[in-house]
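Please look over the structure below before reading on. The report takes it from the overall fold down to single residues.

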Amino acid sequence: QVQLVESGGGSVQAGGSLRLSCAVSGGLLDNRNCVGWFRQAPGKEREGVAEISTHSGTPFYPDSTKDRFTISQDKNKSMVYLQVDSLKPEDTGMYYCAATYVCRLRAHEYLDWGQGTQVTVSA
């Protein structure tokens, strides 16, 4: 059973930074090829903010996050991280990590999901 557990969320002021962590179990980093981070604000659809190929370590970001978000992995620790800098109030939401076989940052294609960690950014 593949499991993903997020941590590191919290309440921060605009301009601050957070590093979110995703602990991955079940051999997922070897079996799923791709881990992504998604966020969902109240009343909005879940959107992908970053993903990484677990084999090559190659990251991908949509234009909306590429300047402030950094995804990384530590395969020895079975961890995937999301560094978010210069936080804005619009970054507020629940952040999820998820895993799949093909990196395309499409939420409906992701197979395994964590429970999420809340990020709240105040102005």
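What follows covers the fold, the cores, the aromatic contacts and two backbone details.

## Overall fold

This is a predicted model. The protein chain holds 1 helix and 11 strands. Read from the N terminus, the order is β-β-β-α-β-β-β-β-β-β-β-β. The radius of gyration is 13 Å, and the globule rule gives 14 Å for 123 residues, so the chain is as compact as a globular protein of that length. Along the principal axes, the C-alpha trace spans about 40 × 25 × 25 Å.

Of the 123 residues, 43% are buried. Long-range contacts are well represented: among contacts with a separation of 6 or more, 58% join residues 24 or more positions apart. The chain exposes about 6300 Å². Carbon and sulfur atoms supply 45% of that area.

## Nonpolar cores

The largest nonpolar core has 25 residues. Trp37, Ile71, Val80 and Leu82 make the most contacts inside it. Many elements feed this core. At least two residues each come from strand 3 (18-25), helix 1 (28-31), strand 4, strand 5 (47-53), strand 7 (69-74), strand 8, strand 9 and strand 11 (117-122). Strand 3 gives the most, with 4 residues.

Another core lies apart from this one. It has 5 residues, among them Cys34, Ala98, Leu105 and Tyr110. Two of these names return below: Tyr110 in an aromatic pair, and Leu105 with a positive phi.

## Aromatic pairs

How many aromatic pairs does a search of the whole structure find? There are 4. One of them joins Phe38 and Tyr110. Their ring centres are 4.8 Å apart, and the planes meet at 75°. That makes the pair edge-to-face, because the angle is over 60 degrees.

Which parts of the chain does this pair tie together? Phe38 lies in strand 4 (residues 34-40), and Tyr110 lies in the loop between strand 9 and strand 10. The two parts are 72 residues apart in sequence, so the pair ties together distant stretches of the chain. Both Phe38 and Tyr110 are buried. Ring pairs also build a cluster, which links Phe38, Tyr96, Tyr110 and Trp113.

## Charges over rings

Two arginines sit over aromatic rings. The charged end of Arg19 is over the ring of Tyr81, 4.1 Å from the ring centre. Arg46 lies over the face of Trp113, at 4.6 Å from the ring centre. Trp113 is also a member of the ring cluster with Phe38, Tyr96 and Tyr110.

## Positive phi outside glycine

Ser86 is not a glycine, yet its phi is positive, about 50°. Ser86 is placed in the loop between strand 8 (79-84) and strand 9 (93-100). Is Ser86 buried, partly exposed or exposed? Ser86 has a relative accessible area of 41%, so it counts as partly exposed.

Leu105 also has a positive phi without being a glycine, near 55°. Leu105 is found in the loop between strand 9 and strand 10 (112-113). Its relative accessible area is 14%. Leu105 is therefore buried, since the cut-off is under 20%. Leu105 also belongs to the core of 5 residues, together with Tyr110.

Terms used:
Residues numbered from 1 in each chain as written. Predicted model: local features only at pLDDT ≥ 70, side-chain atom pairs only at ≥ 80, totals over all residues. Heavy atoms only, no water. Buried < 20%, exposed > 50% of the residue type's maximum accessible area, 1.4 Å probe, protein only. Phe/Tyr/Trp six-rings, centres within 6.5 Å; stacked < 30°, edge-to-face > 60°. Lys NZ or Arg CZ within 6 Å of the ring centre and 35° of its normal. Rg over C-alpha atoms; globule rule 2.2 N^0.38 Å. Contact = heavy atoms within 4.5 Å. Areas by Shrake-Rupley, 256 points an atom, 1.4 Å probe, with all protein chains shown as cover. Core = buried A, V, L, I, M, F, W, Y, C linked by side-chain atoms within 4.5 Å.
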